[in-house]
Amino acid sequence: MTFTPTELAVALGVPRPTDEQAAVIAAPPGPLVVIAGAGAGKTETMAARVVWLVANGFADPGQVLGLTFTRKAAGQLLRRVRSRLARLSGLSGDGAAGSATVSTYHAFAGALLREHGPLLPVEPDARLLGETELWQLAFEVVSSYPGPLRTDKSPAAVTAMVLRLAGELAQHLVDTGQLRDTHLELERLVHNLPAGRYQRDRGPSQWLLGMLATQTERAALVPLIDALHKRMRTEKVMDFGAQMSAAARLASACPQVGEQLRARYRVVLLDEYQDTGHAQRIALSALFGGGVDDGLALTAVGDPIQSIYGWRGASATNLPRFTTDFPLSDGSPAPTLELRTSWRNPPTTLHVANEVSAEARRRSVAVRPLQSRPGAEPGTVTCALLTDVATERDWVADHIARRYTQAGEQGGPPPTAAVLVRRNADAGPMAEALTARGVPVEVVGLAGLLSI
């Protein structure tokens, strides 16, 4: 007997899934990518999918692996999955065979290297450096570098350049040997190109010369990056980029690692897949892809419109590539499903959001517009074009304070509101404007913690 998503929801005392959620929850084992829009109940649906797979005998709780980006997201997903599985275990009378595992992508890479690192070889006990420690180590290497370095930049500026380039190389699985002479090839190309149609002289344009200068500067950093890597090996430390790069090389070079993981985990959830980088894509596809196991319930969830980590090498194009990186055993692409119903937004807000994201949706995966939940109130969208930032702050603060006062006069609970700012420096003045109007404020993030 196979339990349906609705039957399980009723038995567990949770809301019944919609048709689109039920299609994701009860999808057969195998690779699956889910395009989940903002507020579409992604975490709830993924937890329900795990419960459905366990309840119908496709896996035990201990064979569940979930990966996401932050410790907070991992904790939320783990709590929801474990509470549902515990409730399911109580209903069935069976003891839970193990416990689900949920971690961040980087923590997973670290565990992979600790367990299998000697196969590369990589030091399994290498200590992971935080950003501050890494900067200090790189600054020491730059400041004490004995070789010639033609630059007018300060050691701090050179350190920042070294770390930025080293991180990009690691994220894209490129070693310094591949970068060393690229500027020479580019120089030959630039100086031998024919003049442009509207170009007066025959020499390269300033844009091309600027690009050549940038690449030449990068090549000059190669000895410093090599020196930094040597120092890190000597001290048995690594950074996040090196860790993920090593995990990708391990997964690609040692297929037995993937075989062991697929035997250990029969349900794998890849959360926020649009924010994975090249190294993560290579590692995950080598471990769980290639069409080698149609019985593995591998579900990737993401939304290219919500990609936020492009600055560190992430690519929203990894989401459409999933279907071919993780094909079925017959070579056909993995199926794609959607969660389009936004449960936390009224129709008017969604209309504006869909219009704003239209161009982004056309550029990436074919993502259809979000739709509102059945029976949702219309909602209100208010806009203002103001002369300066101080006037804008006052307008926002007055608007929130007015609603706060109205709620108090009516005896209802105080409303909640969020103010998003472009820079941390804008948070303090905004908080002061609200506080001056009697509205209690919490500034989220490190800036708020420091001010408190």
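**Exercise 1. Find out which residues Phe-322 touches, then place Phe-322 in its core.**

Start with the contacts of Phe-322 in this predicted model. Skip residues up to four places away in sequence, and Phe-322 touches Pro-31, Leu-32, Val-33, Leu-270, Tyr-273, Leu-298, Ala-300 and Ala-334.

Next, look at the core. The largest nonpolar core has 38 residues, and Phe-322 is listed with Leu-270, Tyr-273 and Phe-288 as those with the most contacts inside it. Helix α12 (residues 240-253) supplies the largest share of this core, six residues.

Now look beyond that core. Apart from it there is another one, of 34 residues, with Val-14, Ala-27, Leu-32 and Val-81 among them. As background, nonpolar side chains in soluble globular proteins tend to be buried together.

**Exercise 2. Work out how α14 packs against α15, and which residues make the contact.**

Two numbers get you going: two packed helices are described by the angle between their axes and the distance between the axes. For helix α14 (residues 278-288) and helix α15 (residues 318-325), the angle is about 20° and the axes are 11 Å apart. Angles under 35 degrees count as roughly parallel, so α14 is roughly parallel to α15. The crossing of this pair is right-handed.

Then go down to the residues. On the α14 side you'll find His-278, Arg-281 and Ser-285, and on the α15 side Asn-318, Arg-321 and Asp-325. Sort them by class and you get no nonpolar, three polar and three charged residues.

**Exercise 3. Do the same for α13 and α14.**

Same recipe, new pair. The axes of helix α13 (residues 255-264) and α14 come within 7 Å and cross at roughly 70°. The range from 65 to 115 degrees counts as roughly perpendicular, so α13 is roughly perpendicular to α14.

For the contact itself, α13 brings Val-257, Gly-258, Leu-261 and Arg-262, while α14 brings Ala-286, Leu-287 and Phe-288. By class, that's five nonpolar, one polar and one charged. Notice that Phe-288 turned up earlier, among the residues with the most contacts inside the largest nonpolar core.

**Exercise 4. Decide whether Arg-84 is buried or exposed, and name its contacts.**

First, locate Arg-84: look in helix α4 (residues 71-92). Its relative accessibility is 9%. The cut-off for buried is under 20%, so Arg-84 counts as buried.

To see what surrounds this arginine, leave aside its neighbours within four places in sequence. Arg-84 is then in contact with Leu-12, Val-14, Glu-44 and Val-51. One of these, Val-14, is a member of the 34-residue core from Exercise 1.

**Exercise 5. Compare the surroundings of Pro-17 and Ile-25.**

Begin with where they sit. Pro-17 is in the loop between α1 (5-12) and α2, whereas Ile-25 lies in helix α2 (residues 19-25).

Check burial with the cut-off from the last exercise. Pro-17 has a relative accessible area of 17%, so it is buried. Ile-25, at 4%, is buried too.

Now list the partners, again setting aside residues within four places in sequence. Pro-17 is in contact with Pro-5, Thr-6, Ala-9, Ala-22 and Ile-25. Ile-25 touches Pro-5, Pro-17, Thr-45, Ala-48, Arg-49 and Trp-52. Pro-5 appears on both lists.

Finish with a couple of C-alpha to C-alpha distances. Ile-25 and Gly-331 are 306 residues apart in sequence and 24 Å apart in space. Pro-17 and Ala-156 are 139 residues apart in sequence and 54 Å apart in space.

Notes: Residues are numbered from 1 along each chain as its sequence is written. This is a predicted model: local features need pLDDT of at least 70, side-chain atom pairs count only at pLDDT 80 or more; totals for chains, interfaces and linings use all residues. Side-chain values use heavy atoms; hydrogens and water are left out. Axes are lines fitted to C-alpha atoms, for helices over the stretch in contact, and angles run from 0 to 180 degrees between N-to-C directions. Helices (H or I, at least four residues) and strands (E, at least two) are DSSP runs, numbered from the N terminus. Angles under 35 degrees count as roughly parallel, over 145 as roughly antiparallel, 65 to 115 as roughly perpendicular and the rest as oblique. A crossing is left-handed if the near helix is turned anticlockwise from the far one by less than a right angle, and right-handed if clockwise. Contact means heavy atoms within 4.5 Å. Ala, Val, Leu, Ile, Met, Phe, Trp, Tyr, Cys and Pro count as nonpolar, Asp, Glu, Lys and Arg as charged, and the others, Gly among them, as polar. A nonpolar core is a set of buried Ala, Val, Leu, Ile, Met, Phe, Trp, Tyr and Cys residues joined through side-chain atoms within 4.5 Å. Buried means under 20% relative accessible area, exposed over 50%, partly exposed in between (1.4 Å probe, protein chains only).
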